[in-house]
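I sat down with this entry to look up a few local features. My notes follow in the order I took them.

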Amino acid sequence: MNLIIIGSGPAGISAAIYATRAGIKTTILTTAKSALNKAKEVENYYGFINPILGQELLTNGEQQVKRLGAEILQQEVTRIEDDNNGFTVKTATDSFFGGVVILATGASHVKPTWENIDKFEGMGVSYCAVCDAFFYRGKDVAVAGSGSYALHEVEALLPLAKSVTLCTDGAPLTSQFPEDVRIVDKKIAKLDGDTAISHINFADGDILPINGLFLAIGTAGSSNLAAACGALLNGTEIVVNEVMSTNVPNLLAAGDCTKGMKQIAKAVYQGAIAGTEAVRILRNK
């Protein structure tokens with residue numbers, strides 16, 4: 001069985017180095033949107049006499065792991081499905097199967113600031129259509145987002161829900177959505193309801209009555225994917241143990257998506273541990 005790593009930053013590449021050198025077939029799926037791309041100069045990482053561009057450091061890591069035999073594919077992951085024998089990782093265009101998955105897409109930076117969003121998490125606000133669509137059979141739901149991640153959620157909801165509305169929160173569409181999906185491009189101001197969400201308040205004063213809201217803004221980050229699998233979160237950080245394992249068997253996480261310093265050194269360290277643990281699990285399989 002093979003290893004799938006989601007993310008090609010320092011944590012994901014470090015994990016891949018340890019796995020490939022141990023003879024494990026490793027596939028890295030990435031959108032190539034590492035925060036390190038924005039680092040003009042890195043001078044607090046071991047081994048460089050002079051500062052190095054963040055982009056250069058990323059490129060070096062990718063070339064290194066390719067030389068060792070890992071495969072890097074530019075694909076956006078939209079969902080991870082656990083079938084007890086392994087994981088099916090779905091992208092906008094393909095599906096991949098792995099015995100172990102390591103989440104390493106960095107910190108989650110997309111958190112809506114709408115009023116009451118925390119109040120209704122688990123009370124009508126969901127992060128996983130595949131997980132929760134069943135509970136909204138014959139009901140009116142909305143999906144917040146505008147790209148392929150949102151499209152995946154919409155497609156999971158359409159066969160079951162009475163109606164599906166896409167709320168872009170003012171963002172431009174980057175995917176083609178089915179004709180029977182209503183699209184609202186207004187800014188969202190507030191979520192409202194009593195014990196559960198009942199409607200969305202837009203900035204212009206309009207109201208959209210709904211029974212459920214599925215969040216799929218931007219691309220699916222590590223915390224989104226982890227939550228959809230049932231992994232424990234502390235805020236937006238994935239909870240892991242000393243070997244980078246989540247509470248979901250064979251699902252690991254490393255780097256900025258976990259608790260601690262948001263530093264390259266920490267990401268590389270955790271990636272090494274996760275890669276080593278993945279090797280142990282797959283060999284035992």
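Before looking for surface patches I fixed the term: a patch is made of residues with over 30% relative accessible area and no salt bridge, and nonpolar side chains are joined within 5 Å. I also kept in mind that this is a predicted model.

**Entry: surface patch.** I looked for nonpolar side chains grouped on the surface. Phe134, Phe135 and Leu160 form such a patch. Together they have about 320 Å² of accessible area. I then checked Phe135 by itself. Phe135 is exposed, at a relative accessible area of 55%. I located Phe135 in the loop that links helix H3 (129-132) to strand E9 (140-144).

**Entry: strand E15.** E9 led me to its partner. I found E9 and E15 running parallel, joined by 4 bridges. In this pairing Val141 stands opposite Gly212. E8 also pairs with E15 in the parallel sense, over 2 bridges. There I noted Ser126 opposite Phe214. Next I asked which residues of E15 (residues 212-215) are buried on each side. Gly212 and Phe214 are buried on one side, Leu213 and Leu215 on the other. I wrote down that both faces of E15 are covered.

**Entry: positive phi.** I went through the backbone angles next. Most residues other than glycine have a negative phi. I noted two residues with a positive value.

- Asn116 has a phi near 80 degrees. I found Asn116 in the loop between strand E7 (100-103) and strand E8 (125-126). Asn116 is partly exposed, at 22% relative accessibility.
- Asp169 has a phi of about 55 degrees, and Asp169 is not a glycine either. I placed Asp169 in the loop between strand E10 (163-167) and strand E11 (182-184). Asp169 counts as buried, with 18% relative accessibility.

I checked the cut-off for these two labels: buried means under 20% relative accessible area, so the 18% of Asp169 falls within it. The 22% of Asn116 does not, so Asn116 counts as partly exposed.

**Entry: cysteines.** How many disulfides are there? I counted 0. I wanted to know why Cys257 has no bond to Cys229. The closest cysteine sulfur to that of Cys257 is the one in Cys229, and it lies 13 Å away, too far for a bond. The cut-off I used is a pair of sulfur atoms within 2.5 Å. I looked up burial for both residues too. Cys257 is buried at a relative accessible area of 1%. Cys229 is buried as well, at 16%.

Conventions:
Residues numbered from 1 in each chain as written. Predicted model: local features only at pLDDT ≥ 70, side-chain atom pairs only at ≥ 80, totals over all residues. Heavy atoms only, no water. Buried < 20%, exposed > 50% of the residue type's maximum accessible area, 1.4 Å probe, protein only. Patch = residues over 30% accessible without salt bridge, like charges linked within 9 Å, V, L, I, M, F, W, Y side chains within 5 Å. Areas by Shrake-Rupley, 256 points an atom, 1.4 Å probe, with all protein chains shown as cover. Salt bridge = Lys/Arg side-chain N within 4 Å of Asp/Glu carboxyl O. Pairing = 2+ DSSP bridges.
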